[in-house]
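The following report describes how the strands and helices of one chain are arranged and packed. Please read it alongside the sequence and the coordinates.

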Amino acid sequence: MRPASKLSLYRDASDQWRLIEADALLALKAIPDACIEAVLVDPPYAIAVCGEAWDSFDGGTRAAGQNFERWTQGWAAEALRVLRPGGHMISFGSARTFHRLTSGVETAGFEIRDVLMWLFAQGVPKSQRLPGGLGTTLKPAYEPILLARKPFTGTATSNLRRFGTGVLHIDATRIGDARYWPAHLAFSHATTCTDDACASDCPVALVDQQRPSLNRLFFCAKATKVEREAGCEQLPLQSGHLYTGKRKSPRVRRNVHPTVKPIELMRWLVRLVTPAGGIVLDPFAGSGTTGIAAMLEGRGFVGIEREPRYVDIACARLTHWAATCGAGGGSAVKGPAVPSKHQRKEARKKGGTRC
Ligand SMILES: C[S@@+](CC[C@H](N)C(=O)[O-])C[C@H]1O[C@@H](n2cnc3c(N)ncnc32)[C@H](O)[C@@H]1O
C-alpha cells in the first residue's frame, strides 16, 4: 500500500535499497550533502520516447532543447551536492539531445571526463516511411553515456584515501577472460578482416553474432522479456507502449516501463564508479534497474521515481532481486531516505559480494 505523504519512501527488510516516490528535484533536496558515492542515472532524454509525457519538453525544437538543458542543470547541481568529492556521475542520453545533457551537467559544476557508448543491434528505426525508399531517421544502434566527476582538490590518491571516490575501478570492469582494460568503445572492423569474413575478434562481427564471450569490448543486448518481468508476477497485466518495431499492437506485460535498461550493463557501470559498499543514487529510477544492479554488486541504492505506476514495478523488481541476492526480501515498507552510518558500515563489511 502506498503511504500518503508527498515524499513517500519504500524499502524492504533487506534494507539494501530505498525508493522515494517524488519529483526528483524535491527529493534530492532532502538528501544530505556529500553522502553518495556514485550517481548512475538514465534521465528523460527530451525526445518524447514512446509518446511519454515525462520525456517531453515544450517549446519547439530550440526552446525545448534550452528547457531540457536548464532542467538538467537543476538536477545535476543537486546530484553534485549530494556526491562525495571525486564521486562520479554516469548519465545515459540520446544522440539527439546529448549536447544539452552534457552542457547542463558541466554548467552544474561537474568535470566532463568521458563519453562511453552502448552499442546494440536491436534498435528500431522510428522513421516516417515515404514512397521511393525514403525515410527520416537512421536505425538507432547506440546510446551515448556521459561520465562526469565531482571536482576535488589534491590528488586522486589523497581523495581516494579520504572519501573513497575519484577513481575508476579498472580491475573490476576488465573485459573477458583476457581481462582487457575497459574501453569507452571503439567500433570498427579488425585490421585482419577481409572482404569475405571478419576476424574472430572483430567487434562488428561480435555485435552481429551476439557472442559476448569473445569480446574485447563490453557488449550487452537489451533487456529480455524474462529479465524485465522477473519479480512482477503479482502486478496486473497492462498494455504498454514498448518499442514494438513492426508490431502494430501494444504489448501486454506486467513491467510496462518503456525504457528498461539491461541489468548486466548497469552492473558493469556500477562496478566502474562505485567503491565496495558505497551508495548508488538514481534520481530517475524508472523500473529500478540501477538499484537491482547496485544490490547485485553489493552496493546500497537510493532511487527516486515520480510516476506511481513505475514505483510499483520498481518496488516489485527490487524486492525480488534483494531476495535472490540472499539479502532478505519481503514487501516494501517505509523508512529513512539514506542509510545510517552504522548501516553503511555493515554494508561496507559485505563489500562487493556478487550473487
Ligand atoms: C528513462 S526512464 C528510466 C528507466 C530506468 N533506467 C529503467 O531501467 O527502468 C526515466 C524515468 O524518469 C522518471 N521521471 C521523469 N521525470 C521525473 C521527475 N521530475 N522526477 C522523478 N522521476 C521522473 C520517468 O517516470 C521515468 O520512469
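The account below turns from the sheet to the helices packed with it, then to the nonpolar core and two loop residues.

The model is predicted. Its open sheet is formed by 8 strands in the order β1-β2-β12-β11-β3-β4-β8-β5, and the pairing within this sheet is mixed. The edges are taken by β1 (8-11) and β5, each of which has a single partner strand, so one side of each is left without a neighbour in the sheet. Averaged over the sheet and with direction ignored, neighbouring strands are turned by 20 degrees against each other.

Three of the pairings can be set side by side, each with one bridge that illustrates the register.

| Strand pair | Sense | Bridges | One bridge pair |
|---|---|---|---|
| β3 and β4 | parallel | 5 bridges | Ile36 and Leu83 |
| β4 and β8 | antiparallel | 5 bridges | Phe92 and Ile145 |
| β3 and β11 | parallel | 2 bridges | Ala38 and Val280 |

Strand β4 (residues 83-92) thus pairs in the parallel sense with β3 (residues 36-41), while β4 runs antiparallel to β8 (residues 142-149). Strand β4 is also mostly covered, with 9 of its 10 residues buried. On the other hand, β3 is joined to β11 through 2 bridges in the parallel sense, and the partner of Ala38 in β11 is Val280.

Helix α8 packs on this sheet, where it touches β2 (17-21), β3, β11 and β12 (300-305), and the direction of α8 makes about 175 degrees with that of β12. Helix α8 (residues 289-296) also packs with helix α7 (residues 263-273), at an angle of about 60 degrees and with the two axes 8 Å apart. That angle makes α7 oblique to α8, and the crossing of the two helices is right-handed. On the α7 side the contact is made by Ile263, Met266, Arg267 and Val270, and on the α8 side by Thr289, Thr290, Ile292, Ala293, Ala294 and Leu296.

How much of α7 is buried? Of its 11 residues, 9 are buried, so that the helix can be called mostly covered. Arg267 and Arg271 are among these buried residues, together with Ile263, Leu265, Met266, Leu269, Val270, Leu272 and Val273. The elements that cover the buried residues of α7 include β3, β4, β5 (111-119), α6 (225-229), β11 (279-282) and α8.

In soluble globular proteins, nonpolar side chains tend to be buried together. The largest nonpolar core of this model has 62 residues, of which Leu19, Val39, Leu40 and Ala79 touch the most other members. Helix α9 (residues 308-324) gives the most to this core, contributing 9 residues. When residues up to four places away in sequence are left out, Leu19 touches Tyr10, Ala285, Gly288, Gly303, Glu305, Val311, Ala314, Cys315 and Leu318.

Two loop residues deserve a separate note for their backbone angles. Asp15, in the loop between β1 and β2, has a phi near 55 degrees, which is a positive value in a residue other than glycine. Ala46, in the loop between β3 and α2 (60-82), likewise is not a glycine and has a positive phi of about 65 degrees. As for their surroundings, Asp15 counts as partly exposed because it has 18 C-beta neighbours inside 10 Å, whereas Ala46 counts as buried because it has 22 C-beta neighbours inside 10 Å.

Note on methods:
Residues numbered from 1 in each chain as written. Predicted model: local features only at pLDDT ≥ 70, side-chain atom pairs only at ≥ 80, totals over all residues. Buried ≥ 20, exposed ≤ 12 C-beta atoms within 10 Å, placed from the backbone. Helix = DSSP H or I, 4+ residues; strand = E, 2+ residues; numbered from the N terminus. Pairing = 2+ DSSP bridges. Core = buried A, V, L, I, M, F, W, Y, C linked by C-beta atoms within 7 Å. Contact = placed C-beta atoms within 7 Å. Axes fitted to C-alpha atoms, helices over the stretch in contact; angles between N-to-C directions. Parallel < 35°, antiparallel > 145°, perpendicular 65-115°, else oblique. Left-handed = near helix turned anticlockwise from the far one by under 90°.
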